[in-house]
Amino acid sequence: MAPFAISDGTCEFCRKGLQTSCVHGQFWGGETDGAQGEAVRVPLADGTLVHIPDRVEGDEKLLRALFPLTEVMGTGHHAALLAGVEEGGTCVVVGEGAVGLCGMLAAKRLGAERIIALGHHEDRLEKARAFGATDLISSRGEEAIGEVRDLTKGGSDHVLECVGAASAMQTAIQVARPGGTIGFVGVPIGVAQEGLDIFGIFRGNLTLRGGPAPVRAYMPELMEDVLEGALDPSPVFDMTVDLDGVPDGYAAMDERRALKVLIRASG
Ligand SMILES: [Zn+2]
């Protein structure tokens, strides 16, 4: 099983568990192809790949539960860790895409008691309950922020920003409790142009922690939970295509007809 980032497993950053900063690292789709084919040559395979136990072979259900560990589940877990989600605590998840949903699942796994999901799409928010959300907020802007502040009596200590848009980061800053921490894993597209509310961060003594998730570091631990039946992110897959169906799979995600598409290369 290969994560979305290729890494050697031996450099300073890999040894730290920060494989997305590997000095020899790269991402699928760069110099390599996108890894969507019948067979794939994996660069730096010793560092990149994680062995799936033989007994899983042919177990469709378990394989579907394992695949999200290569990307969205590991990323959601990263957000929850960065946000410092605590046992028995409350957290807010901004975003109800595949990463946001996995962030909820990760927060639940880490013991969060109350998980407030913020998003705009009713159907996806409903799905959020299955991923561990205890409260769903679908209103926008100031109204949504006010609702979170009411529910949390002034904001949450732990906020997972799982979108990457400037508006989502702004929401995260505004729903964070003074002294709180925001874990951000959404690629910050547009944030640089639209600006970051640095005064809001300053005023609240907020901590921002974020970056591309080193999912390779988390895969063994999360795999153990999947194999024990304690973790199942497979419901993020709501569409399956064959290789010929890949363009339609991308279109479906772009048009929000699908949350996450599974490609079955053969059989
Ligand atoms: Zn490395």
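**Exercise 1. Leaving aside its neighbours within four places in sequence, which residues is Gly 211 in contact with, and where is Gly 211 found?**

Solution. Once the neighbours within four places in sequence are set aside, the contacts of Gly 211 are His 78, Leu 82, Phe 184 and Val 185. This is read from a predicted model. The next step is to place the residue, and Gly 211 turns out to sit in the loop between strand E8 (207-210) and helix H11 (215-227). Its relative accessible area is 22%, and since buried means under 20% and exposed over 50%, Gly 211 counts as partly exposed. As a last step, take Met 104, which is 107 residues away from Gly 211 along the chain: the C-alpha atoms of the two are separated by 18 Å.

**Exercise 2. Work out where Val 94 lies, whether it is buried or exposed, and which residues it touches.**

Solution. Begin with the element: Val 94 belongs to strand E3 (residues 90-94). With a relative accessible area of 6%, Val 94 is buried. Not counting residues up to four places away in sequence, Val 94 touches Leu 118, Val 159, Leu 160, Glu 161, Cys 162, Val 163, Ala 168, Thr 171 and Ala 172. To add a distance, compare the C-alpha atoms of Val 94 and Ala 117, which are 23 residues apart along the chain and separated by 6.4 Å.

**Exercise 3. How many of the residues of helix H8 are buried, and which are they?**

Solution. Helix H8 covers residues 166-175, and 8 of its 10 residues are buried, so the helix is largely enclosed by the rest of the structure. The buried residues of H8 are Ala 166, Ala 168, Met 169, Thr 171, Ala 172, Ile 173, Gln 174 and Val 175. Linking this to the previous exercise, Ala 168, Thr 171 and Ala 172 are among the residues that Val 94 touches.

**Exercise 4. Identify the protein donors of the zinc ion and determine the geometry of its site.**

Solution. First, list the donors, which are Asp 8 through OD and Cys 11, Cys 14 and Cys 22 through SG, lying 2.1 to 2.3 Å from the zinc ion. Second, look at the spacing of these residues in sequence, which follows the pattern D-x2-C-x2-C-x7-C. Third, turn to the angles among the 4 donor atoms, which run from 95 to 121°; four donors count as tetrahedral if all angles lie between 85 and 135 degrees, and therefore the site is tetrahedral. For reference, the ideal angle for four tetrahedral donors is 109.5 degrees. Finally, consider burial: Asp 8 counts as buried at 11% relative accessibility, and Cys 11 is buried as well, with a relative accessible area of 9%.

**Exercise 5. How many aromatic pairs does the structure hold, and how are they arranged?**

Solution. The structure holds 2 aromatic pairs. One of them is formed by Phe 4 and Phe 27, whose rings are stacked, with 6.1 Å centre to centre and 10° between the planes. Phe 4 lies in the segment before strand E1 (5-6), whereas Phe 27 lies in strand E2 (residues 26-27), so the pair ties together parts that are 23 residues apart in sequence. Phe 4 is partly exposed at a relative accessible area of 25%, and Phe 27 is partly exposed at 39%.

The other pair joins Phe 199 and Phe 202, and it is tilted, with 6.3 Å centre to centre and 40° between the planes. Being 3 residues apart in helix H10 (residues 198-203), these two are separated by about one helical turn. Phe 199 and Phe 202 are both exposed.

**Exercise 6. What sign does phi have in Ala 35 and in Leu 44, and where do these residues lie?**

Solution. Most residues other than glycine have a negative phi. Against that background, Ala 35 has a positive phi near 65°, and Leu 44 has a positive phi of about 50°. Ala 35 lies in the loop between E2 and helix H2 (45-48), and Leu 44 is found in the loop between E2 and H2. Turning to accessibility, Ala 35 is partly exposed with a relative accessible area of 29%, and Leu 44 counts as partly exposed at 36%.

**Exercise 7. What radius of gyration does the protein chain have, and how does this agree with a compact globule?**

Solution. With 267 residues, a compact globule would have a radius of gyration near 18 Å, and the protein chain has 18 Å, which agrees. Along its principal axes, the C-alpha trace spans about 50 × 40 × 40 Å. The chain contains 12 helices and 10 strands, and 49% of its residues count as buried.

Key. Residues numbered from 1 in each chain as written. Predicted model: local features only at pLDDT ≥ 70, side-chain atom pairs only at ≥ 80, totals over all residues. Heavy atoms only, no water. Donors = N, O, S within 2.8 Å, 3.2 Å for Na, K, Ca; no water. Tetrahedral: all angles 85-135°; square planar, octahedral: opposite > 155°, others 65-115°. Buried < 20%, exposed > 50% of the residue type's maximum accessible area, 1.4 Å probe, protein only. Rg over C-alpha atoms; globule rule 2.2 N^0.38 Å. Phe/Tyr/Trp six-rings, centres within 6.5 Å; stacked < 30°, edge-to-face > 60°. Contact = heavy atoms within 4.5 Å.
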